[in-house]
Amino acid sequence: METQRATDEAEIRRHIDKLVEGLEKKDLEALRRLYAPDIVSFDVQPPLQHVGVDAKLANWTPVFTAFETVTYEVRDLVVTVGDDVAFAHGFGRLGGTLKDGTVIGGMWVRATHCLRKTGGAWLIVHDQVSVPLDVATGAGVTDLQP
């Protein structure tokens, strides 16, 4: 059992690596293969939830349009694996160079990915990306570092 869990964890870590690769290549079709068709995403962009893979991928279209090059960094990823469900959480930072040449270092966000094993393959069925909230002002806090 532990050997299978270690194998699954390694596969999920590769899955997250593929997510980073797809973002950096601005490859929507590569990203599509990583998500379940019925994914529910709670992303930083409105609305409160995006349902379905097409809605999830539509979140990336404005980013890919604005950026000439995209960088994405994942830090402190923790993966917990069950028989057919798993979750991973850590920090992510989107950056790159805008089409006008401006270099964006990005901000750190908190990210959680919930995965389900279907037909022997892990797919992301839910994700949530957020920034902490300053309760006094109601503003997101975007200058924190992991």
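## The largest pocket

The largest pocket has a volume of about 440 Å³. Its lining takes in 28 residues, and those closest to the centre are Trp60, Tyr72, Leu94, Val109 and Val129. The model is a predicted one.

Several elements each give two or more residues to this lining. Two are helices, α1 (2-25) and α3 (53-66). The others are the strands β3 (67-81), β4 (85-98), β6 (108-118) and β7 (121-130). Strand β4 provides the largest share, five residues. By residue class, the lining of the largest pocket holds 18 nonpolar, seven polar and three charged residues.

## The nonpolar core

The largest nonpolar core also counts 28 residues. Ile12, Leu23, Leu31, Tyr35, Trp60 and Phe64 have the most contacts inside it. At least two core residues come from each of α1, β1 (35-42), α3, β3, β4, β6 and β7. The largest share of this core is that of β3, with six residues.

Trp60 appears in both settings. It is among the residues closest to the pocket centre, and it is among those with the most contacts inside the core.

What does Tyr35 touch, not counting residues up to four places away in sequence? Its partners are Leu19, Val53, Lys56, Leu57, Trp60, Leu123, Ile124 and Asp127. Trp60, one of these partners, is listed with Tyr35 among the core residues with the most contacts.

## Thr97 in strand β4

Thr97 belongs to strand β4, the element with the largest share of the pocket lining. Is Thr97 buried or partly exposed? Its relative accessibility is 22%, so Thr97 counts as partly exposed. The cut-off for buried is under 20%.

Beyond its neighbours within four places in sequence, Thr97 is in contact with Phe67, Glu68, Thr69, Thr102 and Val103. Phe67, Glu68 and Thr69 fall within the span of β3 (67-81). Lys26 lies 71 residues from Thr97 in sequence. In space, the two are 13 Å apart, C-alpha to C-alpha.

## Ser130 in strand β7

Ser130 sits in strand β7, one of the elements that give two or more residues to the pocket lining. Ser130 counts as buried because its relative accessibility is 18%, and buried means under 20%.

Which residues does Ser130 contact, leaving aside its neighbours within four places in sequence? They are Val44, Val109 and Arg110. Val109 is also among the residues closest to the centre of the largest pocket.

How values were computed. Residues are numbered from 1 along each chain as its sequence is written. This is a predicted model: local features need pLDDT of at least 70, side-chain atom pairs count only at pLDDT 80 or more; totals for chains, interfaces and linings use all residues. Side-chain values use heavy atoms; hydrogens and water are left out. On a 1 Å grid over the protein atoms alone, a cavity is a set of points where a 1.4 Å probe fits but cannot get out, and a pocket is an open set with protein on both sides within 12 Å along at least five of seven lines; lining residues have an atom within 4 Å of a point. Grid points are joined across faces, edges and corners, and a volume is the space filled by probe spheres set on the points. Helices (H or I, at least four residues) and strands (E, at least two) are DSSP runs, numbered from the N terminus. Ala, Val, Leu, Ile, Met, Phe, Trp, Tyr, Cys and Pro count as nonpolar, Asp, Glu, Lys and Arg as charged, and the others, Gly among them, as polar. Buried means under 20% relative accessible area, exposed over 50%, partly exposed in between (1.4 Å probe, protein chains only). Contact means heavy atoms within 4.5 Å. A nonpolar core is a set of buried Ala, Val, Leu, Ile, Met, Phe, Trp, Tyr and Cys residues joined through side-chain atoms within 4.5 Å.
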